[in-house]
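Me: I would like to understand why certain words are used when a protein structure is described. Could we go through them slowly, with the reasoning spelled out?

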Amino acid sequence: MVPIAAAEPPPATEPTLTWSDCADGFQCSTLSVPLDHDKPFGSRIGLAVIRLPASDQAKRIGSLFVNFGGPGAGGLQRLRERAKWPWLFSGELRSRFDLVSWDPRGIAGSAAVRCFDTLAEQQEFFGEFPEMPVTPAGESPFYAKSAELAGRCARKAGPIQRHASTANTARDLDLLRRAVGEEKISYHGISYGTHLGAVYANLFPNRIRAMVFDGSMDFHGNAVGHGGSGTTVPLDTRQDVARGIAETHEQFLRLCAGSGPKCAFSGGDPKAKYAAIAERARRGPITIEGDDGPETWTWSGISNVAWDYATVSSWPDIAKLYQRLYDAKDTAAATRAAAVKREPYTSNRTEAFNAIQCTDSNFPTDPAVYSRYAVSEDKRIPYFGRLAVFDMMSCAYWQAKDTDRYTGPWNRWTSAEILVINNRYDPSTPLHGARDGARELARARVFVTEGYGHSSMLAPSTCTEQIKREYLVSGTFPAAGKVCSLDANPFG
């Protein structure tokens, strides 16, 4: 008789972490979680976790979980880079909390979604990816490459892509909470991290100690759209992200004009100069001399620079670029064959973004919808309308779905009231969306920083950090009439 092999022991009821030093005061660990939370005794994956222990253990309150956004951004590298940014995590805040972050499932060190066999293959694919189309002639190759990415991922990414929803990441987060021994969670979510926070708050409403949503979203609109718009309107179009970009662009030009020589683009009328750049680039590429030789800029590339308004520290360099484009000689005929400068892809961030976002949200699947909106949005919001139409094009073709994705309700009564902070002019998570999202939650208050840029992470405000800190430490909300601004004019 053949002996029956002994079964593997079931996983421990309580999740556990074993920490080890991983340089510069940080500690690292790996948390084992189910691949499919509906099958807790089935296949498992490891989540890469990092923490920076509180600097004053005698006054330590607990762990503060941080998600830096994306989706697709890993938490390990970002916490290493940003844990000691004083406008994000002041010394006072770091003295009271262990800062804890992790690579969410599907990202970097946590069962990464991989759609290419080698880094060279990945870089070649994205290096050949067509630019955002600015004419109907450019749409077909852009659609075809977007569909090819979706097909590659369907063939190569494996089972993780069917379990990569934010809902499953929220379940992972609850296991992390238990693993560090917290009865209730303290959480700081930035950008997409606010969507993760909202999902967590509605799946586990009684486990909230404090939650800060920083650069926040319209959660219902993101998931399914209002009034059935999820399958008829591109996601960032129905969220009216283009309006947020345009409003921030106006602030860029206004501040530049008022900053004189501190802003390289301030001479003359910056608004008229930008219009002249756009008109010229629509006729053909503009070539300027870059640090590493000639750079060729198409209208698609120039309009996409607006996404960089998210980082306030980049505004002086954007102004310099605009001035160089404005001053460039008319070299379109000589540069039509010149290569567009592209940055290499060295992570799985793009693949992970799609794996998470495309399963979380409803999208139109007919390319003709995107073509129509490209025309109408260009008319409604000149320069930037089509950015929000095409920025998630691969989701129109995405094949893998996570049946555990969360689409509501968003208004379950939470054990603590949530603090939502947003800059008045945010090109990525516009204030109107943050207010819509806060109204969808059962208990939330919005605090507006009188500034520009995306979240308090990319738009430094010591005042806003203090608002966040006082709430996280003691649950105190800002007094009525309290106003915060950025620490400095971006142009000095």
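**Charges, shape and local detail**

Reply: Let us begin with charge: in this predicted model, the protein chain carries 55 positive and 55 negative side chains, and the centres of these two sets are 3 Å apart.

Me: What makes the radius of gyration of the protein chain agree with that of a compact globule?

Reply: For 492 residues, the rule for a compact globule gives a radius of gyration near 23 Å, and the protein chain has 23 Å, so the two agree. Along the principal axes, the C-alpha atoms fill a box of roughly 80 × 65 × 45 Å. Within the chain there are 19 helices and twelve strands, and buried residues account for 57% of the 492 residues. Of the contacts between residues at least 6 apart in sequence, 77% join residues at least 24 apart. The chain exposes about 20,400 Å², of which carbon and sulfur atoms supply 51%.

Me: Why is Ala 459 called buried?

Reply: The cut-off for buried is under 20% relative accessible area, and Ala 459 has 1% relative accessibility, so Ala 459 counts as buried. This residue lies in the loop between helix H18 (455-458) and helix H19 (462-474). Leaving aside residues up to four places away in sequence, Ala 459 touches Val 312, Asn 423, Tyr 452, Gly 453, His 454 and Leu 486. Ala 459 and Arg 94 are 365 residues apart in sequence, with 19 Å from C-alpha to C-alpha.

Me: Why is Asp 24 called exposed, and why is Ala 23 called partly exposed?

Reply: Exposed means over 50% relative accessible area, and Asp 24 has 64%, so the word exposed applies to Asp 24. Partly exposed covers what is in between 20% and 50%, and Ala 23 has 46%, so Ala 23 is partly exposed. Ala 23 is placed in the loop between strand E1 (20-21) and strand E2 (27-34), and Asp 24 is found in the loop between E1 and E2 as well.

Me: What is the phi of Ala 23, and what is the phi of Asp 24?

Reply: Ala 23 has a positive phi of about 80° although it is not a glycine, and Asp 24, which is not a glycine either, has a positive phi of about 60°. These values deserve mention because most residues other than glycine have a negative phi.

Me: Where does the protein chain have a cis peptide bond?

Reply: One cis peptide bond joins Gly 70 and Pro 71, with omega about -5°, and Pro 71 has its place in the loop between strand E4 (62-67) and helix H1 (75-82). Another joins Gly 408 and Pro 409, with omega about 5°, and Pro 409 has its place in the loop between helix H16 (387-390) and strand E10 (418-425). They are pointed out because most peptide bonds are trans.

Me: How do you know that the buried residues of helix H3 are on the same side of H3?

Reply: In helix H3 (residues 119-127), the residues Gln 122, Phe 125 and Phe 126 are buried. They cover an arc of only 90° around the axis, and therefore they are on the same side of H3. On the other side of H3, Ala 120 and Glu 124 are exposed. The buried residues of H3 pack against helix H4 (139-156) and helix H14 (349-360).

How values were computed. Residues numbered from 1 in each chain as written. Predicted model: local features only at pLDDT ≥ 70, side-chain atom pairs only at ≥ 80, totals over all residues. Heavy atoms only, no water. Helix = DSSP H or I, 4+ residues; strand = E, 2+ residues; numbered from the N terminus. Rg over C-alpha atoms; globule rule 2.2 N^0.38 Å. Buried < 20%, exposed > 50% of the residue type's maximum accessible area, 1.4 Å probe, protein only. Contact = heavy atoms within 4.5 Å. Areas by Shrake-Rupley, 256 points an atom, 1.4 Å probe, with all protein chains shown as cover. Lys, Arg positive; Asp, Glu negative; His and termini not counted. Charge placed at Lys NZ, Arg CZ, Asp CG, Glu CD. Arc of directions from axis to C-beta.
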